[in-house]
Amino acid sequence: MHGFANPARFLRIARWLTPALVLSGLAMAAAALAWGLTGLPAERLQGDSVRILLVHVPTAWLGMAGWSAIALASLVELVWRHPLAAIAARAAAAPGAVFAALCLATGSLWGRPAWGTWWVWDGRLTSMLVLLFLYFGYIALAGAVDREDGSSRIPAIFGLVGAINIPIIHYSVIWWNSLHQPPSLSMGSSAMAAEFLIPLAASALGFSLLFGGVVLARMRAILADAQAEARLRRKALEA
Amino acid sequence: MREALDQWTFVIAAYAVTIAATLVLVGWSWLAMRAAERRRDAGRGK
């Protein structure tokens, strides 16, 4: 694993992997969403609003995956002092926040016709909103630490502590009474018909590839800024 | 009497907000990466 900690090696891989992930993600997500709009039949109970699941489920998954990535990178940073781990955690924060916000927005747009309300303060929706606020807190904290040359261990600890919310989001529909339905998908079983499951899987894969491409692009930006700043500091010291 | 909601309005709104936000995120990240790498390379004298 430490082999990939070398920024030069990372950049060699990221240079071709970033456009590959972005382009394949755009193509797959566009195809899945076109399928959702034109190829899916209306569902017996939910009607046409079932099509919203093709954007709601991937954004929910990526909102949670983004924080899981922050927590994992934070652990690697704290334990192994991996030089790219802090950069990876910071790069995952903004896309994670965008997808968490999209999950809440598309959930509201699904809830209004399905439940008759935009919002309820139940376990799933509230814990997802808490996740969005955690993202805002992490972005603000990491930005302040970088500006003030503080210890990068502070946002890493925040990233690890915030991960407690991920199982709360997942199990909220099991632990508490909720308008939100229980998980439709679990390891090895699905309550969804294949005609919905296949485009949903394609959409989730497409958005995940895009997420990966965006995180790599943001890592390259942070790394390039750090390299430019280090060069300026060296020049200032030599002068 | 409650008026029936047109579900397609909500479907189109959900797809539009997701597509717009995703494209802004991808474009913003890509342009920020290109600008940062240009600054770094300019400093190297490339």
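A residue counts as exposed if 12 or fewer other C-beta atoms lie within 10 Å of its own, and as buried if 20 or more do. With that cut-off in hand, A:D149 is exposed, because 7 other C-beta atoms lie within 10 Å of it. The structure described here is a predicted model, and the account below moves from the two chains to their helices and then to single residues.

**The two chains**

Chain A holds seven helices and two strands, and read from the N terminus its elements follow the order α-α-α-α-α-α-β-β-α. Along the principal axes, the C-alpha atoms of chain A fill a box of roughly 75 × 35 × 30 Å. Of its 239 residues, 41% count as buried. When contacts in chain A between residues at least 6 apart in sequence are considered, 77% of them join residues that are at least 24 apart.

Chain B has one helix and zero strands, and buried residues make up 26% of its 46 residues. Where the chains meet, 23 residues of chain B are in contact with 30 residues of chain A. On the chain B side, the residues that touch chain A comprise 15 nonpolar, five polar and three charged ones.

**Helix pairs**

Two packed helices are described by the angle between their axes and the distance between the axes. The table gives these values for three pairs, one of which joins the two chains.

| Helix pair | Axes come within | Crossing angle |
|---|---|---|
| α2(A) and α3(A) | 7 Å | roughly 155° |
| α1(A) and α7(A) | 7 Å | roughly 150° |
| α7(A) and α1(B) | 8 Å | roughly 25° |

Angles over 145 degrees count as roughly antiparallel and those under 35 degrees as roughly parallel. With axes that cross at roughly 155°, α2(A) and α3(A) are therefore roughly antiparallel to each other. The crossing of α2(A) past α3(A) is left-handed, and their contact consists of 20 nonpolar, eight polar and one charged residues.

For α1(A) and α7(A), the crossing angle is roughly 150°, and that makes α1(A) roughly antiparallel to α7(A). Here too a left-handed crossing is found, as α1(A) passes α7(A), and the contact of this pair has 23 nonpolar, eight polar and one charged residues.

The pair that spans the two chains has axes crossing at roughly 25°, so α7(A) and α1(B) are roughly parallel to each other. The crossing in which α7(A) passes α1(B) is left-handed. Among the residues that make this contact are A:L210, A:V214, A:R218 and A:R231 of α7(A), and B:L25, B:W30, B:M33 and B:R40 of α1(B). By class, the contact of α7(A) with α1(B) has 12 nonpolar, four polar and seven charged residues.

**The nonpolar core**

The largest nonpolar core has 74 residues, of which A:I70, A:A88, A:A100 and A:M219 touch the most other members. At least two residues of this core come from each of α1, α2, α3 (85-115), α4 (123-147), α5 (153-162) and α7 (194-238) of chain A, and likewise from α1 (7-44) of chain B. The element that gives the most is α3(A), with 20 residues.

One of the core residues just named, A:M219, touches A:A14, A:I87, A:A88 and A:A91 when residues up to four places away in sequence are not counted.

**Residues in the loops**

A:V50 is placed in the loop between α1 (7-38) and α2 (53-80) of chain A. A:V50 nevertheless counts as buried, because it has 22 C-beta neighbours inside 10 Å. Once its neighbours within four places in sequence are left aside, A:V50 is in contact with A:E43 and A:F196. From A:V50 to A:A97 there are 47 residues in sequence and 24 Å in space, C-alpha to C-alpha.

A:R81 lies in the loop between α2 and α3 of chain A, and although it is not a glycine, A:R81 has a positive phi of about 50°. A:R81 is exposed, because 12 other C-beta atoms lie within 10 Å.

A:D149, the residue with which this report began, is in the loop between α4 and α5 of chain A. A:D149 is not a glycine either, yet it has a positive phi of about 55°.

Notes: Residues numbered from 1 in each chain as written. Chains lettered and ligands numbered in written order. Predicted model: local features only at pLDDT ≥ 70, side-chain atom pairs only at ≥ 80, totals over all residues. Contact = placed C-beta atoms within 7 Å. Nonpolar A, V, L, I, M, F, W, Y, C, P; charged D, E, K, R; others polar. Helix = DSSP H or I, 4+ residues; strand = E, 2+ residues; numbered from the N terminus. Core = buried A, V, L, I, M, F, W, Y, C linked by C-beta atoms within 7 Å. Axes fitted to C-alpha atoms, helices over the stretch in contact; angles between N-to-C directions. Parallel < 35°, antiparallel > 145°, perpendicular 65-115°, else oblique. Left-handed = near helix turned anticlockwise from the far one by under 90°.
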